[in-house]
Amino acid sequence: MNPLAYNPAPTSAHGPSGLVGHTPVLWIAEPFASADHGFWAKLEGANPGGIKDRPGLHMVARARARGDLADTAPIIESSSGTLGLGLALAGITFGHLVTVVTDPGLEPSIRRALTAYGARVELVTAAHPVGGWQQARREKVAELMAQQPGAWCPDQYNNPDNAAAYAPLAAELIAQLGRIDVLVASVGTGGHSAGISAALRRTFPDLALIGVDATGSTIFGQPARQRLMRGLGSSIHPGNVAYDAFAEVHWVAPAEAVWACRALARRHYASGGWSVGAVALVAGWAARTWPPGTRIAAIFPDGPHRYLDTIYNDGWCRGHNLLGTPPPIEPEEIKEPGERAVTSWTRCTTVTDPAPAAARAVLAGAR
C-alpha cells in the first residue's frame, strides 16, 4: 500500500485545533525487519504538538460540555511534556489558562515552548519516595487546585476521556490500512493503548495488542527504579491501563531505544523520542516473528525535535553509556512480570494488574 494514497488532512484550518489528526502512516522495514516483512508506523508527530493533542483537546471539550470546566476557569495538570503541549493547544482553543506541573527532566526546549504557548510551568524539585516524580507532580497539582477554587484537573492517568480521544485515530488507521492484525503501542498513562485497541477491536475482534514499557517502570509489575526514558513507563499505576487488552508486554532499555531512534532517522527520515524507538524495536521483532502477511501497526507518539539535545546528541548519549552496542536480535523472556527485575529488552506474555484496588484508589484520590 502506498501511504501517499490516503491523505485527507485539511489544506486549511480556521484554528490550530483543526490541524490535529489525519496523520500519515509510513512503511518501516530494514534494519528492523526484511524489506517485505515490515510494519506500518502511525506518525503522530505530524500533529502540532504530538499524539497528546488528541486527548488534550478531547478531555477539555468533554469537561466543558458536562459543566465540569467553566468558561475561563484554569486548568492544572501533571505532565512530562507532551500532554502539556496538548493542553496548551486546548487552552488557546477554548480560552483557559493552563498550568503544567512538571519535573527537572523536562527538556528546556519544551519548557520554553509551553511558556510561548501561554502556559504556566510549575516545577517540583524532589521526587516522591514511593511514587517518584509522577506522584510528586500529582501532589503539587492537588496543592495548586486547593489554592484556586474552580480550577479543573484532567487527571490524564484515570480520566476515561483520555482513552476515548483516540477513537478517531483508530478510524484513520482502518481507512489507511484496511486491516490490522497487531497493534504495538507504548504505555504511560495507558490512554492511547487502551483507546486505540478498543476502537480497533470493534472492527477486528482478534486484534493482538503488544504493550511497550520502559525498564524500571512499575506499570506491569516490575520494581520501580529511576528512569532515564520519558513519555512511557510510570512510577504509579494509572487507572487507564487496560491490562486485559494486552497479549504481551515488552520492556525496553534506554540504549536500545536510542539505537532504534537513530536507525529510524538514518533509514527512514522519520523518528522520534524514547517511545518511538522502543515501539520500533518491538514492532520490528513482531514483523520478523509473526506469520507472513500479518499487518502490524505501530504508534509513533511524537517526532525527534524535543530530543535533539539528548537522544540525538552524541556527547549526552556517551555520558549515559547509550552508544556503541546494537540491541539483541530478540528479547529475553520471563514467565511472570515479577520473576526478576529486567534491565534490557525483555518480553512477557503474562499480563496482570499489579496494583491492589485499595492502593489504586488512594493514588486516584491524591490529585
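User: In β8, which residue is the bridge partner of Ile210?
Analyst: In this predicted model, local features need pLDDT of at least 70, side-chain atom pairs count only at pLDDT 80 or more, and totals for chains, interfaces and linings use all residues. Residues are numbered from 1 along each chain as its sequence is written, and side-chain values use heavy atoms, with hydrogens and water left out. Strands β7 and β8 run parallel and are joined by five bridges; strands (E, at least two residues) and helices (H or I, at least four) are DSSP runs numbered from the N terminus, and two strands pair if DSSP finds at least two bridges between them. In β8, the residue bridged to Ile210 is Glu248.

User: Which strands stand at the edges of the sheet, each with a single partner strand?
Analyst: The open sheet has eight strands with mixed pairing, in the order β1-β2-β9-β6-β7-β8-β11-β10. Two of these strands have a single partner each, so one side of each is left without a neighbour in the sheet. They are β1 (25–28) and β10 (332–333).

User: How many residues of helix α7 are buried?
Analyst: Buried means under 20% relative accessible area with a 1.4 Å probe, protein chains only. The buried residues of α7 (191–201) include His192, Ile196 and Leu200, and the elements covering them include α5, α6, β6, β7 and β9 (contact: heavy atoms within 4.5 Å). The helix is largely enclosed by the rest of the structure because the buried count, out of 11 residues, is nine.

User: Which helix gives the largest share of the largest nonpolar core?
Analyst: A nonpolar core joins buried Ala, Val, Leu, Ile, Met, Phe, Trp, Tyr and Cys residues through side-chain atoms within 4.5 Å. The largest one has 42 residues, with Phe32, Val184 and Trp274 among those having the most contacts inside it. Elements giving two or more residues include β2, β6, α8 (254–268) and α9 (274–289). The largest share is 11 residues, and the helix that gives it is α9.

User: Which residue has the backbone oxygen that the side chain of His237 reaches?
Analyst: His237 lies in the loop between β7 (208–214) and β8 (248–252). Its relative accessibility is 19%, so His237 counts as buried. A polar contact pairs N or O atoms within 3.5 Å; within protein, one must be able to donate a hydrogen and the other to accept it, and residues adjacent in sequence count only if both atoms are side-chain atoms. At 3.1 Å, the His237 side chain reaches the backbone oxygen of Thr218.

Conventions
Buried < 20%, exposed > 50% of the residue type's maximum accessible area, 1.4 Å probe, protein only.
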